[in-house]
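Work through the exercises below with the model open. Try each task before reading its solution.

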Amino acid sequence: MSRPAAVLGVMVAAWLASSPVAAQDHDHAAHPQEAKQADPHAGHVMPEPEQADPHAGHVMPQAEAADPHAGHVMPQAEAADPHAGHVVPQAEEADPHAGHAMPATVAPREPVPPVTPADRAAAFPDVAGHTVHDNAVHSYWLLDRFEAWDADEAGTGLGWEAVAWIGTDVDRMWLRSEGEHADGSVEAGEVEVLYGRAVARWWDALVGVRHAFGHGPSSNALAVGVTGMAPYKFEVDATAYLGGAGDVSFEVEAEYETLLTNRLVLQWVAGAEFHGDDDARHGVASGLSKAEVGARLRYEIRREFAPYVGIAWERAFGGTADLRRDASDAIEDTRVVAGVRVWF
């Protein structure tokens, strides 16, 4: 061996002795079976560190806001409801016919014939006149005014007006009376007995006799007139009288009632008398002899009984006023009256 080769061998031996890695390699080389059992990955190619972590070196996004449902157990999605979003109607009342067997519709044996004019005439006959009225007998009695007033020198004056009828809806017997009493005697009074027959809706025709008494000699006359209700609920009496000596007179009176309450009623009255001839015995002259206007306020304690107070004004006109002046009688008179109204 040459000197240079010896020196190189000494240097390699010294390096092997001083290096741990070289010593380990030397030991592994000496014990190859034991080294293989101790390291299961010995001889495997290990992946590079970048391949092991795919997110290595990536910038991670900031944490988002906390989920309010985090940690809640969410229910499992159920099958879709086919009625979702529909308004379900409330249960209706039980049908009383539920479960009943309905009868089958039976066709008529023969078709219904069309309605003819003869059929209509038979179904709606002409009921002209009063064939719809019955024959029951009714009656009505009314003391419309029974009142008193201060008659100055004559003291207390009394007055009355009454009407009554009895009969059916078509035929009736009427009784009427009115008059005044003062200074111990009847100044003027009359009684009428009349037959009445319904001639129109709300109207009766009257015919009968009148007996007049009081100032002057009594007299009788034939009476013909009408009584009923005019439009706007005015009650009207209009009567013409034919005396035995040819004397003709006519009287008309109208009444209207204003219902202030169910029991407080204001009755308005207006009337007039006309004469065809002068009759000095009874203190009347031809033409308009007198007119009267009054108002009476009554309170119906019962419908059949009502006290009242009121005022009445009366005035004579034309030749009748002259006859009163000649007899020193007043041609105009205003009275404050109090009385009672009764019917049954």
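**Exercise 1.** Which residue in S5 does Glu190 stand opposite?

*Solution.* The model is predicted. Start with the strands. S4 covers residues 185-200 and S5 covers residues 203-214. The two run antiparallel, joined by 12 bridges. Now find the partner: Glu190 faces Ala212 in S5.

**Exercise 2.** Place the S4 and S5 pair in the whole sheet, then find how helix H6 packs on the sheet.

*Solution.* Follow the strand order from S1 through to S12. The 12 strands form a closed barrel with antiparallel pairing. From one strand to the next, the twist averages 20°. Next take helix H6, residues 318-326. H6 packs on the sheet and touches strands S10 (287-299) and S11 (305-316). The directions of H6 and S11 make an angle of about 90°.

**Exercise 3.** Is Glu251 buried or exposed?

*Solution.* Locate the residue: Glu251 sits in strand S8, residues 248-259. Its relative accessible area is 14%. Buried means under 20%, so Glu251 is buried. Then list contacts, leaving out residues up to four places away in sequence. Among them are Glu178, Glu190, Arg210, Asp237 and Tyr241. Glu190 is the residue from Exercise 1 that stands opposite Ala212.

**Exercise 4.** Which residues line the second largest pocket?

*Solution.* The pocket has a volume of about 160 Å³. Its lining consists of Met229, Tyr232, Lys233, Glu235, Glu255, Tyr256, Glu257 and Leu259. Sort them by class: four are nonpolar, none polar and four charged. Finally, assign strands: S8 gives the most to this lining, with four residues.

Definitions and conventions:
Residues are numbered from 1 along each chain as its sequence is written. This is a predicted model: local features need pLDDT of at least 70, side-chain atom pairs count only at pLDDT 80 or more; totals for chains, interfaces and linings use all residues. Side-chain values use heavy atoms; hydrogens and water are left out. Two strands pair if DSSP finds at least two bridges between them. Axes are lines fitted to C-alpha atoms, for helices over the stretch in contact, and angles run from 0 to 180 degrees between N-to-C directions. Contact means heavy atoms within 4.5 Å. Buried means under 20% relative accessible area, exposed over 50%, partly exposed in between (1.4 Å probe, protein chains only). On a 1 Å grid over the protein atoms alone, a cavity is a set of points where a 1.4 Å probe fits but cannot get out, and a pocket is an open set with protein on both sides within 12 Å along at least five of seven lines; lining residues have an atom within 4 Å of a point. Grid points are joined across faces, edges and corners, and a volume is the space filled by probe spheres set on the points. Ala, Val, Leu, Ile, Met, Phe, Trp, Tyr, Cys and Pro count as nonpolar, Asp, Glu, Lys and Arg as charged, and the others, Gly among them, as polar.
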